[in-house]
Amino acid sequence: MPVYRTSSEEETIALGEHLARQLPRKQVVLLIGQLGAGKTTLAKGIVTGLGAATPDEVSSPTFTLIHEYGSEGRVYHVDLYRLDEPRELATLGLEDLFDREAVVLVEWGERFRQLLPPERTEICIGMTTGEEREIKVQRIGRGSATEMCVTEPRP
Ligand SMILES: Nc1ncnc2c1ncn2[C@@H]1O[C@H](COP(=O)(O)OP(=O)(O)OP(=O)(O)O)[C@@H](O)[C@H]1O
Ligand SMILES: [Mg+2]
């Protein structure tokens with residue numbers, strides 16, 4: 001499992017651009033980490049690396065729940081922080097997004113793992129001190145362990 005370390009917001013964006021090049025065109029990517037860990041920051045880099053927007057154009061979908069980037073809808077950025085129940089997911093139409101040939105970045109999605117595609121990428125962002133972040137990337141497949149990182153309960 002690749003483990004990266006960054007020590008600034010800019011480095012995390014640059015890492016996201018690097019990781020974007022390794023992603024399949026169709027992939028669900030869970031971004032896991034506590035409040036302020038850098039999930040949206042990493043998403044800025046991934047969206048940029050996929051050529052769908054610039055970092056400044058990527059904002060947190062906390063209230064809108066889903067943002068779409070790229071002329072062909074190649075990247076979706078979803079934030080499930082505000083959802084409480086799995087049945088609320090059905091109203092979002094996420095399954096339709098998962099079926100598309102697109103990268104779907106999901107913050108706070110680890111609480112709904114049973115509703116996610118079994119084949120996906122999970123990226124865990126751990127906060128240590130100051131601006132240091134430890135970022136682990138794991139490709140999850142059918143039947144493999146999915147508990148890759150210790151996830152904090154949503155505050
Ligand atoms: N190494 C780093 N990588 C990313 N962000 C960093 C880093 N060091 C400091 N920061 C700061 O941490 C914050 C990360 O915010 P961001 O919105 O990306 O977090 P988040 O995980 O999406 O939070 P939320 O759960 O609220 O959506 C920013 O204010 C950023 O400037
Ligand atoms: Mg965020």
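Two strands count as paired if DSSP finds at least two bridges between them. Keep that in mind as you look at this predicted model.

**The sheet**

Strand S2 (residues 27-32) and strand S5 (residues 103-107) are a good pair to begin with: they run in the parallel sense and are joined over 5 bridges. Within this pair, you can find Val-29 opposite Leu-105 in S5.

Now zoom out. S2 and S5 belong to an open sheet of 7 strands, whose order is S1-S7-S6-S2-S5-S4-S3 and whose pairing is mixed. Which strands form the edges? They are strand S1 (3-6) and strand S3 (66-69), each of which pairs on one side only. On average, neighbouring strands in this sheet are turned by 20 degrees against each other, with direction ignored.

**Helices on the sheet**

Two helices that pack on the sheet are set out here.

| Helix | Strands touched | Angle between directions |
|---|---|---|
| H1 | S1 and strand S7 (133-140) | about 150 degrees with S1 |
| H2 | S2, S3, strand S4 (75-79), S5 and strand S6 (120-127) | about 170 degrees with S5 |

**Around the ligand**

How many residues surround ligand 1? There are 18 residues around ligand 1, and Thr-12, Gly-38, Lys-39, Thr-40 and Glu-131 come nearest. The elements giving two or more residues to this shell are helix H1 (9-20) and helix H2 (39-49). So what kinds of residue make up the shell around ligand 1? It divides into 10 polar, 6 charged and 2 nonpolar residues.

Helices H1 and H2 thus appear twice in this picture: H1 packs on the sheet, H2 packs on the sheet, and both helices give residues to the shell around ligand 1.

Notes:
Residues are numbered from 1 along each chain as its sequence is written. Chains are lettered from A and ligands numbered from 1 in the order in which they are written. This is a predicted model: local features need pLDDT of at least 70, side-chain atom pairs count only at pLDDT 80 or more; totals for chains, interfaces and linings use all residues. A residue is near a molecule or strand if its C-beta atom, placed from the backbone, lies within 6 Å of it. Helices (H or I, at least four residues) and strands (E, at least two) are DSSP runs, numbered from the N terminus. Ala, Val, Leu, Ile, Met, Phe, Trp, Tyr, Cys and Pro count as nonpolar, Asp, Glu, Lys and Arg as charged, and the others, Gly among them, as polar. Axes are lines fitted to C-alpha atoms, for helices over the stretch in contact, and angles run from 0 to 180 degrees between N-to-C directions. Two residues are in contact if their C-beta atoms, placed from the backbone, lie within 7 Å.
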